[in-house]
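Visitor: Could you walk me through the empty space inside this protein? Please put the structure up while we talk.

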Amino acid sequence: MLSAMRAAAAFVLCLLVPLGAYGQAPGPARIGVCVDPDRFEAAQAAGFDYVETNASKVAALSEEEFQTLAAQVARLRIPLAASMSFIPGAVRLTGPDVDPAKQMTYVTGALRRLKQLGVKVVVLGSGGARRVPDGFSRDEAFAQLVDFLRRVAPVARDNAITIVVEPLRQQETNIINTAREGLALVKAVDRPEVRLLVDYYHLAAEGENPDIIAEAGPLLAHAHIANPKGRVFPLDADESPYAAFFSNLCRIGYQGRLSVEASTTDFAAQAPRAIALLRSARACGAK
């Protein structure tokens, strides 16, 4: 009981941290959820501000299926603002089988569709597509990722979309596993359309210091969260040491979106609890 009270107190204290060098107080928190289209309406009913869905699945739809999805999105009162899982495993990003023409054909079609749906942020997680083949140079693989992102940045710009690099834990891929590595990639690309995502789940899995968020500053453009104990919906302040993650978001005046990317056994009951927790954490001491 005492440890739970201390964790909750630390969580509350993070809301009182003054903003740092980046200045402006954040606007209202935008809390979303990563779901397939069959849960869009449930997400809206639960109170989420937006939904995030799988880009590879959108790209793979037939034209008829895509038009059905577009009509569904148009009926929603909340936007489909973000999309994850940008590149399918069949479109290689590293290794000897990289095909730039195939990459560009896929990216052009996918981003065009996502723009039509209103998407503003596309997440480059895609652990399978970027996995470095055994025996292949890591330095060359990193250079391939830089080249890919520089080539697709103008396509993203033309579609008013920001691509965010998502570091993934080592169990999911073997390159860009930490936010520090993701930040290095974003800086190497050096294009305004390419920024960083920090996911609390992967941050915790890699044991990385959340202060990397403060180092990223304005290069951070999107965030994900899950309770790392089971990769489930975050529900309570004392279930994980969230405080430093949120205090760093407050410190940089983060105004981007925060998506729950997690499983749940009871969406209708747990979604409102997760939203309430995250809205409180993102309030940054505002009264």
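Guide: The largest share of the lining of the largest cavity, three residues, comes from strand E6. Strands here are DSSP runs of E with at least two residues, helices are runs of H or I with at least four, and both are numbered from the N terminus. A cavity is a set of points on a 1 Å grid over the protein atoms alone where a 1.4 Å probe fits but cannot get out, and lining residues have an atom within 4 Å of a point.

Visitor: Is this model predicted, and how are residues numbered?
Guide: This is a predicted model, where local features need pLDDT of at least 70 and side-chain atom pairs count only at pLDDT 80 or more, while totals for chains, interfaces and linings use all residues. Residues are numbered from 1 along each chain as its sequence is written, and side-chain values use heavy atoms, with hydrogens and water left out.

Visitor: Which elements each supply at least two residues of the lining?
Guide: Those are strand E6 (194–199) and helix H9 (200–205). Among the lining residues are Leu197, Val198, Asp199, His202 and Leu203.

Visitor: What's the volume of the largest cavity?
Guide: About 40 Å³, where grid points are joined across faces, edges and corners and the volume is the space filled by probe spheres set on the points.

Visitor: Switching topic, what share of the chain is buried?
Guide: Of the 287 residues, 53% are buried, meaning under 20% relative accessible area with a 1.4 Å probe, protein chains only.

Visitor: And how many helices and strands?
Guide: The protein chain has twelve helices and eight strands.

How values were computed:
1 Å grid on protein atoms, 1.4 Å probe; cavity = no way out; pocket = protein on both sides within 12 Å on 5 of 7 lines; lining within 4 Å. Buried < 20%, exposed > 50% of the residue type's maximum accessible area, 1.4 Å probe, protein only.
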